[in-house]
Amino acid sequence: MFKLEARPQPSRLMSCASPLIALAITVLIGVCLFIWLGKDPVKGLEIFFVEPLKNAQAISELAVKAVPLLLIALGLAVCVRANVWNIGAEGQYLLGAVAASWVAMQAGPGTGRWIVVAILLAGVIGGAIWSGIVAFLKDRFNANEILVSLMLVYVGQQLLDFLVYGPWKDPDGYNFPQTITFLSVTKIPRLMVGYRANIGVIIAIVAVAALWVFLFRTYRGFQLQVGGMAPAAARYAGFSSRSALWIGLLISGGMAGLAGALEVAGPMGQLTPYLSVGYGFAAIIVAFVGRLHPVGIVFSSLLMSLFYIGGELAQSRLGLPKAMTSVFQGLLLFTLLGCDTLILNRLRWIGVGKPKHSEEA
Amino acid sequence: MRPSRTSLLCKLVACTAVAATAFIGCDKKKEAPAEPAKPQAFKVAFAYVGPVGDGGWTFAHDNARKALEKELGDKIQTTFVEKVPEGADAERVFRDLASQGNTLIFGTTFGYMEPMLKAAADLKNVKFEHATGYKTAENLRTYDSRTYEGAYMAGVLAGGMTKTNTLGVVGSIPIPEVIRNINSFTLGAQSVNPRIKTKVVWVNAWFDPPKETEAAQSLLNQGVDVLMQNTDSSAVLQAAEKAGKYGIGWDSDMHAYGPKAHLASAVANWAPYYIKATKDAMEGKWTTGKAWWGVKEGAIDLVSISDKVPADLKAKVEKVKAGLKDGSHVIWQGPIQDNTGKEVLAKGKVADDEWLGGIKFFVKGVDAKVPGGK
């Protein structure tokens, strides 16, 4: 029988191995599910893990899906490390898109390509304003940031709805709730002709590097994390937990807003009420599966996108229901949390046939 | 604790064995694609906005897909992807369906318009069919049902059954289609009862049962005694049932959701169009355009008329249906006034499809303002 007991210190090996073990268990359960549903498990796994990577077009599509998740999750990682629980990245994403759309709609026949920079900046500002409200209310009135940021998601969606149903509605759009399709000059430049992946990929890679440097190689980043982990110790050391609050929220809001701008001026090309597909919420899972580490988040965002796209392909290739995507995502998170137990604890073999030591069994 | 351990081991072994046999089984299946090489099936794909089990819009489209399969048998092969969001994801789905060899692809919601246009611009050898949109391309055409004919027939029943002369509609999104349905419902009711007033509450969603219920309740509070809706769920009919008033089923036969309240269901049947479009594409006769099918083509019907409806009223509805079928009954024929008293269609003039497609006003008798209208 095994016994679970606390480790003297967290296991470094397990903290790296746990996501891999979790993935392995997820795949194993997935295989059983495929068999149970009467599908070829090899084919099923191939569709989920190989097909979304099979050629340049597929990889480009994976990038389109992963970039917003990656950007938002990176921001959230900083925020959570500052011990600020921003649940409202979805709202910040929407507001970034709204601000970016406003700039995009100002484009006229004579506008130059510089407008793309303005669109992206507007996205960052829009998202940061939305998270700034959370920071202000927390700072000034000690309002719970979880509730405030979550509620602002709904306010943001209503604001977007108001705009596309009202003042921003396309006059030639037969009253459909949508803006005009933005002029092509506002389009986020693509990496290659014929592929939808755009410079968002490069921005995301730069952001990964920048945040890694910020968190692990700068004094400010260190202050932020200490302020988050031990506010009292941080105060004693003269670090401001207020600045941790503001920096965490503004960075995560700005990143979410940037993702919104890239989406609305990239693959969308117009603002509609259907801009949000839950990236802001999914990114919370991505951030935690990626261990709140910039490099880890690269992998987790790719994995998450793999599940999304794989789920879609499984529908058209194997006739599996859409729910399969959610099952896989849920399984991964569940097994990861389970395996994480082994970082702080270990299993000890306590022998066989000694009932007095094995009450658990 | 030995037994438990051995039993665990046994289970593990059993599991592995099962998995192994399944693998082998699959391999066997792979080895024997012994089906005689039949002629390449024509591949048709559908992208749905909702889950196929929504009981309304997507359900109706999927039923039509099944009818298409039944009609054309193994000459075709259909595929669908459900719950495709109306954002950046849709384009990927269309491109992927095309890469799978589907040469005819149906997109069943308005929000796919821009993604389909983008995909169609690159994939010239694929034919795209977009439901309820207004933009077309050389290889992208639109199709829709004249749902307003169903609304009109339902209106005839409602006008004959109401005691308060006040009808209510739960509206989804104030686009011309929905405004036209509310207008046609009112015109139908006025054809049997000129004193009719129609009240409207918007929910700004196609599927939101709690909001629909709330909207229905607020209409009932305003003295409405027959409810109609242009949303996808059965919530409004259920609210009518609970209040002891009348309701109308929409998109599919909803009789079972409110057996006492249900007057009739205005249903859309997409199968005739899907069969025709697929045959067009298979026979190389496919050309772009805008299809708008109604009672005449079998795309719209009023079904399950309640026993509570008196025989003479029933006869009136049947007469209208027959008239719509042979083209002798025209719903949108002047004189028609809007609800500010302005004449929008002169006496004797018949509205054409373009005019109908751009309706942004309510007809006389609708006690509401079009949101965002000028």
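Biologist: Which residue follows α10(A), and what is the sign of its phi?

Modeller: Gly269(A) follows α10(A), and its phi is positive, near 80 degrees. Helices here are DSSP runs (H or I, at least four residues), numbered from the N terminus. This is a predicted model, in which local features need pLDDT of at least 70, side-chain atom pairs count only at pLDDT 80 or more, and totals for chains, interfaces and linings use all residues. Residues are numbered from 1 along each chain as its sequence is written, while chains are lettered from A and ligands numbered from 1 in the order in which they are written.

Biologist: What span should α10(A) have?

Modeller: The expected span of a helix is 1.5 Å times one less than its number of residues. For the 28 residues of α10(A) that gives 40 Å, and the end C-alpha atoms are 39 Å apart, which agrees.

Biologist: Why is α10(A) described as largely enclosed?

Modeller: A residue is buried if 20 or more other C-beta atoms, placed from the backbone, lie within 10 Å of its own. In α10(A), 25 of the 28 residues are buried, so the rest of the structure largely encloses this helix.

Biologist: How many residues of chain A are in contact with chain B?

Modeller: Contact means that the C-beta atoms of two residues, placed from the backbone, lie within 7 Å. By that rule, 36 residues of chain A meet 36 residues of chain B. Helices that each supply at least two residues to the chain A side include α10 (241-268) and α12 (294-318). The most come from α12(A), with four residues.

Note on methods:
Buried ≥ 20, exposed ≤ 12 C-beta atoms within 10 Å, placed from the backbone.
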